[in-house]
Amino acid sequence: MGAWKLGDVASHWVDQFLSTKGEKILEFGCGNGTIERSKKYKVTAIEHDLLYIKDDFRCIHAPLIFIQDLSCFWYDINYFKELKFEEFDIIIIDGPPGDIGRKGILSEPWIFKLSNCILIDDTHRQEENDLVSKIEAILINVERVDLIENSKWGLRKTTILNRSDNIDKV
Ligand SMILES: C[S@@+](CC[C@H](N)C(=O)[O-])C[C@H]1O[C@@H](n2cnc3c(N)ncnc32)[C@H](O)[C@@H]1O
């Protein structure tokens, strides 16, 4: 595995989950792991950095903009707002990179309606763990699973929020 892609334990979990639930992934943050998943599943990736944009699957370039309300940078949704009318088997939140932060997704809560399963990577970090709590507060009927992996880069955690239905407070 690489430090920049989803860990082995989390990738395995996604494979197990999708073998029973379906095949459509919406992934924030593109990298080598996304490329591997695109060979097995229908992946839609959102990526801000042209260096990691791929053209052999649906990889949408969305530059970062400043989100006033949350005082952070996040993807400009004008580049992917057509996704409002789609459904996904899983949403993977693994971008933008940790130094930019991922909490900007909270400014677009409609995204959480697109799937019953939301995976947030790197939740061993305080900011990503706080993001999980905020998403949990928005959703109802949510079951939390924490996957811990002892990787060569240290302890990593990935959190999955799974809903039994699609009714929420957003
Ligand atoms: C954690 S990576 C996303 C990884 C992706 N979800 C995967 O499993 O391969 C978060 C961001 O880092 C950047 N990135 C991707 N691969 C990288 C690499 N090998 N080195 C440095 N930055 C990378 C991209 O901008 C990406 O959106």
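**Burial, core packing and ligand surroundings in a predicted model**

Asp 56 is exposed, with 8 other C-beta atoms within 10 Å, where a residue counts as exposed if 12 or fewer other C-beta atoms lie within 10 Å of its own, as buried if there are 20 or more, and as partly exposed in between, with C-beta atoms placed from the backbone. The structure is a predicted model, in which local features need pLDDT of at least 70 and side-chain atom pairs count only at pLDDT 80 or more, whereas totals for chains, interfaces and linings use all residues. Residue numbers start from 1 along each chain as its sequence is written. Asp 56 belongs to the loop between S2 and strand S3 (58–61), and helices (H or I, at least four residues) and strands (E, at least two) are here DSSP runs numbered from the N terminus. A separation of 30 Å lies between the C-alpha atoms of Asp 56 and Glu 128, which are 72 residues apart along the chain.

The pLDDT, the predictor's confidence in each residue on a scale from 0 to 100, averages 94 over the chain, and 96% of the residues score at least 70. Over residues 166–170, however, pLDDT stays under 50, and for this segment the model has 15 contacts beyond four places in sequence, a contact being a pair of residues whose C-beta atoms, placed from the backbone, lie within 7 Å.

Helix H1 (residues 8–21) has 14 residues, which at 1.5 Å a residue should span 20 Å, and its end C-alpha atoms are indeed 20 Å apart; the expected span is taken as 1.5 Å times one less than the number of residues. After H1 comes Gly 22, with a positive phi near 145°. Gly 22 is placed in the loop between H1 and S1 and counts as partly exposed because it has 16 C-beta neighbours inside 10 Å. Although Gly 22 and Phe 88 are 66 residues apart in sequence, their C-alpha atoms are 8.5 Å apart in space.

In soluble globular proteins, nonpolar side chains tend to be buried together. The largest nonpolar core, meaning a set of buried Ala, Val, Leu, Ile, Met, Phe, Trp, Tyr and Cys residues joined through C-beta atoms within 7 Å, has 30 residues, and those with the most contacts inside it are Ile 90, Ile 91, Ile 92, Ile 93, Ile 118 and Leu 119. Two or more residues of this core come from each of H1, strand S1 (24–28), strand S2 (42–47), strand S5 (72–75), strand S6 (90–93), strand S7 (117–120), helix H3 (126–138) and strand S9 (154–163). Not counting residues up to four places away in sequence, Ile 93 touches Phe 28, Arg 102, Ile 105, Ile 118, Leu 119, Ile 120 and Asp 121.

Ser 115, in the loop between S6 and S7, is buried because 24 other C-beta atoms lie within 10 Å. Beyond its neighbours within four places in sequence, Ser 115 is in contact with Leu 26, Glu 87, Phe 88, Asp 89, Ile 90 and Ile 91, and its C-alpha atom is separated by 6.0 Å from that of Glu 87, 28 residues apart along the chain.

Around the ligand there are 17 residues, of which Lys 5, Gly 29, Gly 31, Gly 33 and Gly 95 come nearest; a residue is near a molecule if its C-beta atom, placed from the backbone, lies within 6 Å of it. Helix H2 (residues 32–38) gives the largest share of this shell, three residues. By type, the shell comprises six nonpolar, six polar and five charged residues, with Ala, Val, Leu, Ile, Met, Phe, Trp, Tyr, Cys and Pro taken as nonpolar, Asp, Glu, Lys and Arg as charged, and the others, Gly among them, as polar. Gly 31, in the loop between S1 and H2, is buried, with 20 other C-beta atoms within 10 Å. Leaving aside neighbours within four places in sequence, Gly 31 is in contact with Trp 4, Lys 5 and Tyr 52.

Most residues other than glycine have a negative phi, and most peptide bonds are trans. The peptide bond from Gly 95 to Pro 96 is cis, with omega near -5°, and Pro 96 is in the loop between S6 and S7. Ser 71, in the loop between strand S4 (64–67) and S5, has a positive phi near 55° and counts as exposed, with 10 C-beta neighbours inside 10 Å. Asn 141, in the loop between H3 and strand S8 (142–151), has a positive phi of about 55° and counts as exposed, with 12 C-beta neighbours inside 10 Å.

Definitions and conventions: Two residues are in contact if their C-beta atoms, placed from the backbone, lie within 7 Å.
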